[in-house]
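Please walk me through this protein, from its overall fold to its core and its main pocket. Keep the sentences short and define the terms along the way.

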Amino acid sequence: MAMQHFKVPKKLTYSDIISKLELPTVIVDHMNRFMKGKHFLDLKAADIWGQEWPLRYYTRPKGNREGPVFTTGWRKFVEAKRLQVGDEFIFYGNQVRVDDGEVKMVYMIEVKRPGPVTFQNEPVTLDAEYACA
């Protein structure tokens with residue numbers, strides 16, 4: 001069985017910051033495999049420090065537009081990380097085999113922001129937490 005991996009980036013909008021994160025629809029193909037017929041999935045995603053953040057991935061149960069979003073837990077993450085409009089949010093999924101041989105998904109999140117330093121007249125992108133310092 002091939003191990004599944006994905007990376008989904010998104011530039012944060014005002015709506016993403018104040019409400020819920022609207023995810024690119026490309027994520028639906030990756031996440032539907034683990035939904036087991038439900039329209040939501042509670043997951044934990046680790047940041048660059050290894051801290052796990054509980055998030056609810058949600059899609060509309062009916063209609064022609066799936067509209068994937070992160071709802072529950074998202075605002076807590078936004079506030080803790082002091083996210084801003086224009087930050088680049090990156091959501092990763094990696095399928096791994098654990099000690100007992102079972103295969104599971106491990107999720108990671110990262111947020112990038114142009115920092116105050118430039119290289120060849122281009123801003124150096126930093127993790128959002130470093131860019132705030």
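The protein has four helices and eight strands. Helices (H or I, at least four residues) and strands (E, at least two) are DSSP runs, numbered from the N terminus. Along the sequence the pattern reads β-α-β-α-β-β-β-α-β-β-β-α. This is a predicted model, in which local features need pLDDT of at least 70 and side-chain atom pairs count only at pLDDT 80 or more, while totals for chains, interfaces and linings use all residues. Residues are numbered from 1 along each chain as its sequence is written, and side-chain values use heavy atoms, with hydrogens and water left out.

Now the overall dimensions. The C-alpha atoms fill a box of roughly 45 × 40 × 25 Å, taken along the principal axes. The protein has 133 residues, and 36% of them count as buried. Buried means under 20% relative accessible area, exposed means over 50%, and partly exposed lies in between (1.4 Å probe, protein chains only). Take the contacts with a separation of 6 or more: residues 24 or more positions apart account for 49% of them. Contact here means heavy atoms within 4.5 Å.

Next, the strand pairing. Two strands pair if DSSP finds at least two bridges between them. Start with strand E7, residues 103-119. E7 pairs with strand E6 (residues 88-97) in the antiparallel sense, over ten bridges. Within this pairing, Phe91 stands opposite Ile109 in E7. The hairpin of E6 and E7 has five residues between the strands, and Gly101 there takes a positive phi near 95°.

E7 also runs antiparallel to strand E8 (residues 122-127), joined by five bridges. Thr118 has Pro123 in E8 as its bridge partner. A third pairing links E7 to E3, in the parallel sense, over two bridges. Here Ala46 stands opposite Met108 in E7.

E3 has a further partner. Seven bridges join E3 to E4, and the two run antiparallel. Ala46 appears again, with Glu52 as its bridge partner in E4. The hairpin of E3 and E4 has five residues between the strands, and Gly50 takes a positive phi near 90°.

Which residues sit in the loop between E7 and E8? Gln120 lies in this loop, and so does Asn121. The hairpin of E7 and E8 has two residues between the strands. Phi of Gln120 is near 50°, a positive value in a residue other than glycine. Asn121 also has a positive phi, near 65°, and is likewise a residue other than glycine. Gln120 is exposed, with a relative accessible area of 66%. Asn121 counts as exposed at 73% relative accessibility. Gln120 and Phe34 are 86 residues apart in sequence, and their C-alpha atoms are 43 Å apart in space.

Turn to the interior. A nonpolar core is a set of buried Ala, Val, Leu, Ile, Met, Phe, Trp, Tyr and Cys residues joined through side-chain atoms within 4.5 Å. The largest such core has 28 residues, of which Leu43, Tyr57, Phe70, Trp74, Phe89 and Phe91 touch the most other members. At least two residues of this core come from each of strand E1 (5-11), helix H2 (27-31), E3, strand E4 (52-58), helix H3 (74-81), E6 and E7. E7 gives the largest share, four residues.

Which residues does Leu43 contact, leaving aside its neighbours within four places in sequence? They are Met31, Trp53, Pro54, Leu55, Tyr57, Phe70, Phe91 and Tyr107.

Last comes the largest pocket. Its space is about 350 Å³. A pocket is an open set of points on a 1 Å grid over the protein atoms alone, where a 1.4 Å probe fits, with protein on both sides within 12 Å along at least five of seven lines; lining residues have an atom within 4 Å of a point. Grid points are joined across faces, edges and corners, and the volume is the space filled by probe spheres set on the points.

The pocket has 16 lining residues, and Leu43, Lys104, Met105, Val106 and Tyr107 are the closest to its centre. Strands E3 (40-46) and E7 each supply at least two residues of the lining. E7 gives the largest share, five residues. The lining divides into nine nonpolar, one polar and six charged residues. Here Ala, Val, Leu, Ile, Met, Phe, Trp, Tyr, Cys and Pro count as nonpolar, Asp, Glu, Lys and Arg as charged, and the others, Gly among them, as polar.
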